[in-house]
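Subject: Structure handover

Hello,

Here is the structure for you to take over. My notes on what was found in it follow below.

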Amino acid sequence: MATEKAKVTPQKLSREAYHALESVVGKEWVTEDRVVIETYVVHCIDIGVALGVAGKSSRIRPAAVVLPATTEEVQGIVRVANRYGFPIVPFSNAQLGSGPTVSGTVVVSMRRMNKIQVHEENMSVTIEPLIDYGLIHHEASKRGLWLGGSGWHGAIAKPCSQVSTAGIWQSDLKFSGLTRNLIGAKLVLADGSLLRLGSAAIAGTGGTPFTETLPGPNLWGMFRQAIGARGIVTELTLKLHPWVGGHPFPEDSGRPSIEHFFEEAKEKKFDRPPVHPRHKILWFEHPTVESITEASARLASSGIGIALNITGNYNAMMCSYTIDEANQRSKEYFGITGYMVLAGVSSEKQLAYEEKVLKHVVEETGGKLLSAEYKPELLDAVAPWNVEYVLNTETGMRTVRSNYIPYALPPYGTFDEMTDGIEIWKDVEKDVGFLGEERGEYFSRMPMDCPYGYILDRGHQITIEMDQFPERASRAELGKFFDGNFYGFARFMVSGYPGSWFADFGEPFLSIFPEIGPDSYLMARIFRKITNPNGVLVPGRTAWTDEEFKAAVKNPSKTMETMLHWREHFGFPKLELAEEEDRWKPME
Amino acid sequence: MTEPIYDRLKAIVGADRVSTDHKTLEKYRQDQSFVRPCLPDYVVFAESVPEIQDVIKAANESKTPVVPVSSGMNLRGAAIPKEGGIILDLSLMNKIIQVTERERWAVVEPGVTYGQLTEELRKRGLRVMMPLGTPQSRSAISSIIERDPTLAAASFEYGNSIHMEIELVLPTGVVWRMGKWRRRLKGQWSTPGGGGLHGDTPYPWLWHKAQGTLGVITGMVVKAEHIPRASKVFVLPFDNLAEAIEPVRKIQRKELGLECFLLNNLNLAAVMAQDWDIPESFPCQKVPSNEFNSLRERLPRWTLIIHLAGLLYFPEEKVAYEEEDLRSVCTDMGLSLSQTLAGEPGLERTLLDLILHPWQALKKANFKGSFHPVTLHTTLNRVPEFEKAVFDLAQKHGYPLNEIGEYLLPIERGRNCYYEIDFHCDLDDPDEVQRVKKLWLEANEVCVNMGAVLDKPYGPSADMIYRRYDSSYVSLIKNLKKELDPNNIMNPGQLCF
């Protein structure tokens, strides 16, 4: 039995397995040094790892860390894992899905795989896992191209990792996020074989994929958002788009860094970089959530702009320098605001036309543009949220959300999501409560006034974001955070959404909510069966086998118990085991 | 033919919606393509998702093949059965269930045709983006799930991302949805309007171009766009394809034009020929036309067509600044932008009509009664190589070069492109059929050997395509098929299954 002072001891690999890894990558690129292992734990913001750290779990401590340099070495590592029967987890972004799921896992760190090649003529870029958004922009913008966006994650986020998890960008109005921008990939499958996606899967088409379109069923559908559990991405080819913003970085800079490139940074004005040529950001304010939503719907379908989002009071966090300032601002409330980024790709005349449309729509929906005449102090306060931040996040993740973990992202939906989200958030406050208020933080309340609204896909759909911010080291806060998170999942279900973003991470969400799909867990199990039958790749992360389900039911986790509780709370049909006891079905 | 399955089918949909009548079966035996004809045993006209589920469950029990047919207007042999069995005709499921003007999409059943959807959306000032040369009576769902590139594919956001959620009946008879409307709680589905293809669950990619082999698509959320409130169509003539590539690239890098594509003289002449109607079925009767022949002679070898469109707000101003920018790009390249060709009156109106109703391009079928496209994806700079190789081959086979139709569509601002080469053929002339079939097959082979991604893996071209896929890719798809369709009843023999 664990005591408070019990030692946390990672499970070790057998010597044979360890030496086999050494023979694949070389002695210097595999280690079980406790200091290195702990680094991979401490710097990982995977939710499971956060809980494991707080709970002093040895499960989340990897048995070893191995650093391959090539796809062939990754294949070798996977073969060794199969031979000696240890699980592996790919690690490049240190974010969701980067942590071990079981003891004895070997972390495959992609830090040495850092090649990038821009294909100027065909407007694409091929990258290895360590290449991040910042570097892509650095290389592409020299050639009059860019990736089409970047999320809130900062310039150091890596698309090869994101392709396994998320990929919402602030510029999804036009560019529709990571999925829409995929061309091809190389993946190492669970048996060590290589899978190519995109046109390169067909012999003779050249080594670099030029189109994602293939004759017959497209396997991207199975490997996007697989969280490393169906294959390890070792190379990705992404679309690039025409960029007229110039090349903002010096040639010899290496990795872009704000302190290098902007004179203002030296004066601590790092959040106000020069505006890119032919780009403009315009802010607007509306009296109600309903009116700003209507304005956004009209703007989205007007064909103008490259980014459009409703920020609400998220401004308070994103534009403040200190937690105190953010607290103060979020309490005082910035108002119901949004922004649009315009780009004059064909000429300056395009910018002028689009600005005219924007002003017209804002006015006809009862809003006002922030300007030198109208609320200049607010315009000044939101200045850190600038074009550079929206498009490239080069200036870093300007946020005081040190404890950031996404709380509840509902699946994509209509503009009604804005007001649905507010109602759901009110219930969260009532039934679960918000985190941070005892510390004087008001961030968690903000979505009750106005959630963050990503306007996607020229307004065919949107998604909203609502967050809470637990202290990572506090087991109690993490527990409450998860409780609320799972409450939100069930509450969204009641409101007509298929759970939340977590549904697509698989288990235990899909098995506990067979209403999704319905029975989406069965499809996930098929994918598991044909891609990762022996559980070499992060076992249990996206799908259970029949046997794993039975074991989970026999010894239910806290997560499982909590979600079953919220099912009951919201009056979902009771679950009964199917005759084979390999799944639940609702008693309708 | 076994009676029990026939009885089961009658019990499911009623005797009046099951047919074994030879004349009815004959309609599904072949299309205008060179795919081997094969007579089905039964045709079932389904009217609902539960009926489809029951038909598939019955087919599983008797191991009878099922081939879904939405409108019968796939012209490339994808819906011709390989082993007889049941044709599951979905044309009666033709409801447009919902249209939303704010988010601009429609929920449609598989029997809804492009013509029907176009008309319904037009009432609300909207349109669905369509591929060139798709029949008006073609099922919107079957065309979209085939990923036939739309005429607006040059524009990143208005091009090939045409749908969101889908609903399907899996080969086991289970109904399954993707995207926002995938929640069924106490018998009630959630409302649609998010995710799917490029959303949080991109599973639909697996069913693209699957041709019913992995299930039956029974519903889809199809995106719509505003009908332009102001338009100008410009043309640029070229003597050869190679000369057109750089102008296309330069114009697209400026993101000019909602639609931008090239037609050769044969295809443009067919669109312009006033004495040709659009055939109602394919193959069709040959219709001699002096006008077509004369136009073919007079028109430039290639024409680049660019549509500048203004949407809801200040549409004329948008078209005006784009025209100015387009003229500037053309001037820099020494090209003269025009709205007419060869002194032909009314060209702009004809082309705008083609853009909004792209089935006009099917007038080309009047030339010889049938056409046989080689369709491929490649990069812009390589298209002239493919053109030369195919023309050399045609010459070798004695096929007249001036009877080849060509269409080039830059995809997403010229990142890559879609290229279509038509061989026309009189199906009443057995010698010509043999010659053109051989040429068509060899042209496919030449293109795939040169590194093209062939677009349509049906009939004789399926094997040559799947032979070139990585073995790990084919192995995974086959494993997926085996898990989803353990009895291999869904369109067996199609693709690599």
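To begin with one helix pair across the interface: α15(A) and α9(B) are roughly antiparallel to each other, because the angle between them, about 170°, is over 145 degrees. Please keep in mind that this is a predicted model. Helix α15 covers residues 348-364 of chain A, helix α9 covers residues 315-332 of chain B, and their axes are 10 Å apart.

On the chain A side of this packing, the residues are A:K349, A:Q350, A:Y353, A:E354 and A:K356. They meet B:E317, B:K318, B:Y321, B:E324 and B:D325 on the chain B side. Sorted by class, the contact between the two helices has seven charged residues, two nonpolar and one polar.

Interface as a whole

Chain A puts 96 residues into the contact, and chain B puts in 93. About 8600 Å² is buried between chain A and chain B, with carbon and sulfur atoms giving 58% of that area. Of the area that chain A buries against chain B, 10% is supplied by A:R180, A:P217 and A:H460, which is more than any other three residues supply.

As for polar interactions, there are twelve salt bridges between chain A and chain B. A salt bridge also joins the side chains of A:K239 and B:E412, at 3.1 Å from N to O. Polar contacts across the interface come to 44 residue pairs, with both residues at pLDDT 80 or more.

Helix α15(A) appears here again: with nine residues, it makes up the largest share of the side of chain A that touches chain B. By class, that side of chain A has 43 nonpolar, 31 polar and 22 charged residues.

Backbone points to check

- The peptide bond between A:G517 and A:P518 is cis, with omega about -10°. A:P518 sits in the loop between α20 (509-512) and α21 (520-531) of chain A.
- In chain B, a cis peptide bond runs from B:F282 to B:P283, and its omega is near 0°. The loop between α7 (265-272) and α8 (290-298) of chain B holds B:P283.
- A:M123 has a positive phi, near 50°, and is a residue other than glycine. Its place is the loop between β5 (116-119) and β6 (124-127) of chain A.

Regards

Note on methods:
Residues are numbered from 1 along each chain as its sequence is written. Chains are lettered from A and ligands numbered from 1 in the order in which they are written. This is a predicted model: local features need pLDDT of at least 70, side-chain atom pairs count only at pLDDT 80 or more; totals for chains, interfaces and linings use all residues. Side-chain values use heavy atoms; hydrogens and water are left out. Axes are lines fitted to C-alpha atoms, for helices over the stretch in contact, and angles run from 0 to 180 degrees between N-to-C directions. Helices (H or I, at least four residues) and strands (E, at least two) are DSSP runs, numbered from the N terminus. Angles under 35 degrees count as roughly parallel, over 145 as roughly antiparallel, 65 to 115 as roughly perpendicular and the rest as oblique. Contact means heavy atoms within 4.5 Å. Ala, Val, Leu, Ile, Met, Phe, Trp, Tyr, Cys and Pro count as nonpolar, Asp, Glu, Lys and Arg as charged, and the others, Gly among them, as polar. Buried area is the accessible area (1.4 Å probe) that two parts lose on being put together, summed over both. A salt bridge is a side-chain nitrogen of Lys or Arg within 4 Å of a carboxyl oxygen of Asp or Glu. A polar contact is a pair of N or O atoms within 3.5 Å; within protein, one must be able to donate a hydrogen and the other to accept it, and residues adjacent in sequence count only if both atoms are side-chain atoms.
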